[in-house]
Amino acid sequence: MIDMSERKSDWVVERYNYQHQVKGIRKQLFSALQNSLVAGKYILTDEVSVFEQELGHYVGSKHALGVNSGTDSLMLALTALSIGKGDEVITVANTFHATVLAILRTGAQPVLVDCEAQTYLMDINQVEAAISPRTKAIIVVHFCGKAVDMKPLLELADRYNLYIVEDACQAIGAKWQSRHVGSIGALGCFSFHPSKNLAAAGDAGAVVTSDLSVDRLLRKLRHFGQVEQNNHQLLGFNSKLDAIQALVLHYKLPFLDEWNVQRAKIAQDYRDRLAHLPLTFQTVDDKSSHVYHLFQIRTPVRDALLGYLRDKGIDAVIRYPVPIHLQPAFSQLEYKPGDFPVAEALAKECLCLPIRPDLTMKEVDYVVHMINEYFEKCEL
Ligand SMILES: *Cc1c(COP(=O)(O)O)cnc(C)c1O
């Protein structure tokens, strides 16, 4: 068992550990942050360009551009494709709120499709029927960190002349075939929200593209639509990655692959050690990799199991208990219960176990033990 006395919080197994994320880089990072704070240059500095280049190089896109958040990255991506009023954008019901919010904020109409029960990812077989003469783009979501099999989507997009925008906010580092998510569609969107696999110290995000003219347009859009001071040619945004956040990300990026490998190892451990229980998991395959932003388990007794685990000090949570199409904010879309049965079932039956790169064997043992205990005592 884990010794509670050495813990700072009430949790036995915590969801995040930011101390670990700066292990080994504390000195350099903290002094860089100090220097930046006193230098007084905070906006679109060299630190930002450096991180943008590193990110583009990492992802395999020619250009990367830092913005305020993942949500903004989606809004800017759609805007750069001239998507707005009168257009439709297809996406999946099983995603985080921001994917659909971004579509609506551009004035376009989101058109949802359900996800698959095995992969929890967009059911690509439903996409073709959702295409109309107004459809301009598909936002594909690499949900939980699992890369979508892009082949059928790329074929569809090609056939119907649609853009693919990748919502890779949960999946930085994941690959489809040998390509990084974000680099496959016309544009890729990333979030560096503190909960994500690559975490800034606040809100931050990025858009990547290999199209120079799109990159140029995005650079104007994020900066009030200006081409030079006081010359605003476009209706833009104010959405720029801060120098401080760029520094945090610059120091953490070199560790991302190692962290993602650790996440995948822990996920495999959970899968192996929980395999005998009446639980199911997001399936994996060798077409694409999974970086486990979330590790979800599915069970009809979700709420009871969650209560049990939280009582035992395990910071398990439900991600997205109300699916997109049933959120009051999106009532204008006029979807109703039953429209996307798989997304609805996942929203009722999934919970996320703690997963972090530094989760110890002891912590995994404890979580596995408590899940077993729940089923022994309460269910079987
Ligand atoms: C986190 C997330 C976003 C939004 O990112 P923010 O940085 O929080 O704005 C968008 N889509 C998905 C799938 C996400 O998980």
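**Close-up views of the ligand and its pocket**

**View 1. The lining of the largest pocket draws on two helices.** α4 and α5 each supply at least two residues of this lining, and the largest share, 3 residues, comes from α4. Helices here are DSSP runs of H or I with at least four residues, numbered from the N terminus. A pocket is an open set of points on a 1 Å grid over the protein atoms alone, where a 1.4 Å probe fits, with protein on both sides within 12 Å along at least five of seven lines; lining residues have an atom within 4 Å of a point. This is a predicted model, in which local features need pLDDT of at least 70 and side-chain atom pairs pLDDT of 80 or more, while totals for chains, interfaces and linings use all residues. Residues are numbered from 1 along each chain, and side-chain values use heavy atoms, without hydrogens or water.

**View 2. The ligand sits in the largest pocket.** That means more than half of the ligand's atoms lie within 2 Å of the pocket's grid points. Among the 21 lining residues, Phe 96, Ser 191, His 193, Ser 195 and Lys 196 lie nearest the pocket's centre.

**View 3. Meet the polar contacts of the ligand.** Such a contact is a pair of N or O atoms within 3.5 Å. One ligand oxygen is 2.8 Å from a polar backbone atom of Gly 70. A ligand oxygen is also 2.5 Å from a side-chain N or O atom of Thr 71, and a ligand nitrogen is 2.8 Å from a side-chain N or O atom of Asp 167.

How values were computed. A polar contact is a pair of N or O atoms within 3.5 Å; within protein, one must be able to donate a hydrogen and the other to accept it, and residues adjacent in sequence count only if both atoms are side-chain atoms.
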